[in-house]
There are 2 protein chains.
Amino acid sequence: MSTSQSAHSPAERSAETRARILDAALSEFSAYGLAGARTDRIAAAAGVNKALLYYYFSSKEGLYLAAFELSAGKIRDRSMAALLKGVSPGERILRTALDHFDRILAQHEFQGLMQQEMIRLSKGESKAISILVDRVFGPLQKIYQATFEEGISSGELISVDWKQSQLAVIGANVFYFISAPMMRQLDVADPFDDGALALRRKSLVEFLGQAIFQDRQHGAELACRVLADTPMPAVERDRLPFWRKHERA
Amino acid sequence: MSTSQSAHSPAERSAETRARILDAALSEFSAYGLAGARTDRIAAAAGVNKALLYYYFSSKEGLYLAAFELSAGKIRDRSMAALLKGVSPGERILRTALDHFDRILAQHEFQGLMQQEMIRLSKGESKAISILVDRVFGPLQKIYQATFEEGISSGELISVDWKQSQLAVIGANVFYFISAPMMRQLDVADPFDDGALALRRKSLVEFLGQAIFQDRQHGAELACRVLADTPMPAVERDRLPFWRKHERA
DNA sequence: CGTACTTTACTAACTAGTTAGTTTAACTAA
DNA sequence: TTAGTTAAACTAACTAGTTAGTAAAGTACG
């Protein structure tokens, strides 16, 4: 078909096909979970035959794990970048919080995988999460803790339980997206309007700026700066799973 | 068998059987979702034949909706009670926040249903949520808003965006339980220890007490009082889906 | 010629839902 | 009191459909 015109060597073509399969698998698993995903749909979306999935990945679960790990790797790189910027600890914490929100917006597939994986984990069925904890969240958590404690000992941040504040930020971010489809029904306002998204980003950063800094003036200034030079990512609404309205209307 | 010795009339036995089925269905659907739930398992857990499910409820989805609505009704009654107590608006907001946490702990099945239903809603497949929005969350939201605005105009609360603060509280509460299985792997501390639960409840109420009251002293006192006369519910750990450790060890 | 695929045709396992029949309790007529 | 009748409650066994995964033979192409 038209999909294989660009690459020439067999190795290139192969890598391209593999990537296409992984991409299709990520969408499917994110929307339906491991059990609910259909291998036929993945094959169709990738533009290949079902048998080819088993040629590259030995099983449905193998494909799932490959897609999951690929996505997790991207998450780790992105979050690390925010946590390791050459600015003060407090500013790194602010940037990390905002980046977390933007990341869910930009890589919503991972959030879908996580939601499903949390359910599986609570039943003791998850194989992906231990890898994730060891290679992604564990390391990130350690750097976050170190950053926060550096901020406390340097006098920039107040001596607050970093886990409780992290929980509040991540919880509010994650819940914003989890509950968005219901908020759309509860409310008049659409949570994926640019206005609503901008308000949430602002509230998030300004709240943290007030809550964890010794010098609240300094916190407010940092919040302002972080917001100013982190533009809201453009929302590709038709890629969001929440955006079914326009598909039918 | 021994299950039918207590009730005598057929009507009583029938109602008892129906309730047993609904109870089993709630556990199953909560843990596995509508698609993942197995009718055979529900029948086995209820101690009846599978065909009886279809005798009482016409389909798998009918059974699902019946179980969902039963559970939702309990949630509404409980949350209404917290919002309508004869105390000041600010105290009602505090009690509602704490009650929300305790409610998830006590009625975790509903949270499981909601998690799965949010996923379905984002794909436009949910029939349960519109009922829920109309009959439960919509009315609760209105009372919450009115309570908050009453608190603002009486001068007890600061003039803050009630939706953003509600999002922070509910988000942190929900995320605490969603992420608990992963936190157990990330952390040394178990999030279902009495200590961790007590700390979270305390942080939650004290944070709100500081965040939304004009008179922070008053907020702190209220937080203290609310915590004091709302004892933490006893956690039936073996009913939690998170508690797989002791089942095997 | 070998690598990267496609095509077709399977199967084994599983699951929602059905059917046809049995048991139980309560009521009725002799 | 009791034998007969009925309706509701319940069951065992099956059907029909779906889905992951396989096998084998073949094609396109550098």
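Of the atoms of DNA strand D within 4 Å of the protein, what percentage belong to sugar or phosphate? The share is 68%, and the rest belong to bases.

## Basis of the report

This is a predicted model, in which local features need pLDDT of at least 70 and side-chain atom pairs count only at pLDDT 80 or more, while totals for chains, interfaces and linings use all residues. Residues are numbered from 1 along each chain as its sequence is written, and side-chain values use heavy atoms, without hydrogens and water.

## The surface near DNA strand D

There are 16 residues around DNA strand D, where "near" requires a heavy atom within 4 Å. Those that come nearest are Thr39(A), Tyr54(A), Lys60(A), Asn49(B) and Tyr55(B). Four residues, the largest share of this surface, come from α3(B); helices are DSSP runs (H or I) of at least four residues, numbered from the N terminus.

Side chains of chain A approach the strand through N or O atoms. The side chain of Tyr54(A) has such an atom 2.8 Å from a phosphate oxygen. For Lys50(A), the partner is a base nitrogen, at 2.9 Å.

## Helices α6 and α7 of chain A

The axes of α6(A), residues 108-122, and α7(A), residues 128-153, come within 10 Å and cross at roughly 125°. Axes are lines fitted to C-alpha atoms, for helices over the stretch in contact, and angles run from 0 to 180 degrees between N-to-C directions. The crossing makes α6(A) oblique to α7(A), a term for angles that are not under 35 degrees, over 145 or from 65 to 115.

In the contact (heavy atoms within 4.5 Å), residues of α6(A) including Phe110(A) and Met114(A) meet residues of α7(A), among them Ile129(A) and Leu132(A).

Notes: Chains lettered and ligands numbered in written order. Helix = DSSP H or I, 4+ residues; strand = E, 2+ residues; numbered from the N terminus. Polar contact = N/O pair within 3.5 Å; in protein donor to acceptor, adjacent residues only side chain to side chain.
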